[in-house]
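Colleague: Could you walk me through one part of this model slowly, pointing at residues as you go? I'd like to see the hairpin at the start of the chain, and then how the rest fits around it.

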Amino acid sequence: MYAAAYVRRYNRAAGTLAEAKSMKTMVYGDVHNFGARLHAGTGSGTGGIQDGDAIPSGAMAAASTAS
């Protein structure tokens with residue numbers, strides 16, 4: 001599971017794209033055989049998101065990009 005946001009700002013007078021930005025968190029979930037995931041959830045000892053789990057349980061890690 002991950003969260004992402006995509007925002008675009010346009011120049012209304014010219015009708016052109018003025019700015020685009022996106023932000024996406026790391027992937028959270030069961031880390032068994034998935035090296036790029038952050039441990040999250042209570043489904044097993046290696047994670048696994050279930051109903052009622054608070055995700056993320058700590059600080060949220062995210063990467064931002066701009067164009």
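Modeller: Sure, let's start with a facing pair: Tyr10 stands opposite Leu17, which is in E2. Keep in mind that this is a predicted model, where local features need pLDDT of at least 70, side-chain atom pairs count only at pLDDT 80 or more, and totals for chains, interfaces and linings use all residues. Residues are numbered from 1 along each chain as its sequence is written, and side-chain values use heavy atoms, with hydrogens and water left out.

Now widen the view a little. Strand E1 covers residues 4–11 and strand E2 covers residues 16–25, and the two pair in the antiparallel sense over eight bridges. (Pairing takes at least two DSSP bridges between the strands; strands are DSSP runs of E, at least two residues, and helices are runs of H or I, at least four, numbered from the N terminus.) Another partnership to find is Arg8 with Ala20, its bridge partner in E2. Four residues sit between the two strands of this hairpin, and there Gly15 takes a positive phi near 70 degrees.

What do the side chains of Arg9 and Glu19 do? They meet in a salt bridge, at 3.2 Å from N to O. Arg9 belongs to strand E1 and Glu19 to strand E2, so the pair ties together parts that are 10 residues apart in sequence. The rule asks for a side-chain nitrogen of Lys or Arg within 4 Å of a carboxyl oxygen of Asp or Glu, and by it the count comes to one salt bridge. Arg9 is partly exposed at 49% relative accessible area, and Glu19 is also partly exposed, at 35%. (Buried means under 20%, exposed over 50%, partly exposed in between, with a 1.4 Å probe and protein chains only.)

Look at Lys24 next: its charged end sits over the ring of Tyr2, 4.6 Å from the centre. Further along the chain, the charged end of Arg37 sits over the ring of Phe34, 3.8 Å from its centre. For this, NZ of Lys or CZ of Arg has to be within 6 Å of the ring centre and within 35 degrees of the ring normal.

Then comes the loop between strand E3 (27–29) and strand E4 (37–39), where you'll find His32. His32 is partly exposed, with 48% relative accessible area, and its C-alpha atom is 7.9 Å from that of Gly47, 15 residues away along the chain. Asn33 lies in this E3–E4 loop too, and it is exposed at 69%. Most residues other than glycine have a negative phi, yet Asn33, which is not a glycine, has a positive phi of about 65 degrees.

Finally, zoom right out. The protein chain has five strands and zero helices, running β-β-β-β-β from the N terminus on. Of its 67 residues, 13% are buried.
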